[in-house]
Amino acid sequence: IAESIRNKVMACTFRYNGSDIPITISGGITVAQLNEKAEIESLINEADSALYQAKSLGRNRVVSYSSH
């Protein structure tokens with residue numbers, strides 16, 4: 001789903017002063033099992049970590065959190 005959203009945003013442009021400016025996004029995601037009692041703050045930190053990894057890899061991508 002996140003990759004689909006990224007692709008749809010990438011297909012858009014922003015028009016400014018007569019020029020089309022490309023739009024990209026980076027995203028970080030994490031997954032918790034429904035039966036896990038994951039703390040919300042922990043999940044946010046994991047997604048944030050994945051987001052910064054996406055940005056450091058060149059942006060315009062989605063990275064899933066991995067503890068490895």
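## Helix α2 and its surroundings

Just after α2, Gly-58 adopts a positive phi of about 120°. The model is predicted. This report starts from that helix, then turns to the hairpin and the whole chain.

**The helix.** α2 covers residues 40–56. Its length fits a regular helix: at 1.5 Å a residue, its 17 residues should span 24 Å, and the end C-alpha atoms lie 24 Å apart, which agrees.

Which residues of α2 are buried? They are Leu-43, Glu-46, Ala-47, Ala-50, Leu-51 and Ala-54. These residues cover an arc of only 140° around the axis, so they sit on the same side of α2. Their packing partners are β3 (27–29) and β4 (62–64). The face turned away from the buried side carries exposed residues: Glu-41, Ile-44, Tyr-52 and Ser-56.

**Glu-46.** This acidic residue belongs to α2 and is among the buried residues of the helix. Its side chain makes a polar contact with the side chain of Thr-30, at 2.6 Å. Leaving aside residues up to four places away in sequence, Glu-46 touches Thr-30 and Tyr-65.

**The hairpin.** β1 and β2 form a hairpin with 2 residues between them. The strands pair in the antiparallel sense, over 4 bridges. In the turn, Asn-17 has a positive phi of about 50°. Thr-13 stands opposite Pro-22 in β2. Tyr-16 stands opposite Ser-19 in β2.

The strands and packing elements named so far have these limits:

| Element | Residues |
|---|---|
| β1 | 13–16 |
| β2 | 19–22 |
| β3 | 27–29 |
| β4 | 62–64 |

**The whole chain.** The protein chain has 2 helices and 4 strands. Along the sequence they follow the pattern α-β-β-β-α-β. The radius of gyration is 15 Å, well over the 11 Å that the globule rule gives for 68 residues, so the chain is more spread out than a compact globule. The C-alpha trace spans about 50 × 25 × 15 Å along its principal axes.

How much of the chain counts as buried? Of the 68 residues, 13% do. Buried here means under 20% relative accessible area. Contacts also reach along the sequence: among those between residues at least 6 apart, 43% join residues at least 24 apart. The contact of Glu-46 with Thr-30 links α2 to a residue outside the helix.

Key: Residues numbered from 1 in each chain as written. Predicted model: local features only at pLDDT ≥ 70, side-chain atom pairs only at ≥ 80, totals over all residues. Heavy atoms only, no water. Polar contact = N/O pair within 3.5 Å; in protein donor to acceptor, adjacent residues only side chain to side chain. Contact = heavy atoms within 4.5 Å. Pairing = 2+ DSSP bridges. Expected span 1.5 Å × (residues − 1). Buried < 20%, exposed > 50% of the residue type's maximum accessible area, 1.4 Å probe, protein only. Arc of directions from axis to C-beta. Rg over C-alpha atoms; globule rule 2.2 N^0.38 Å.
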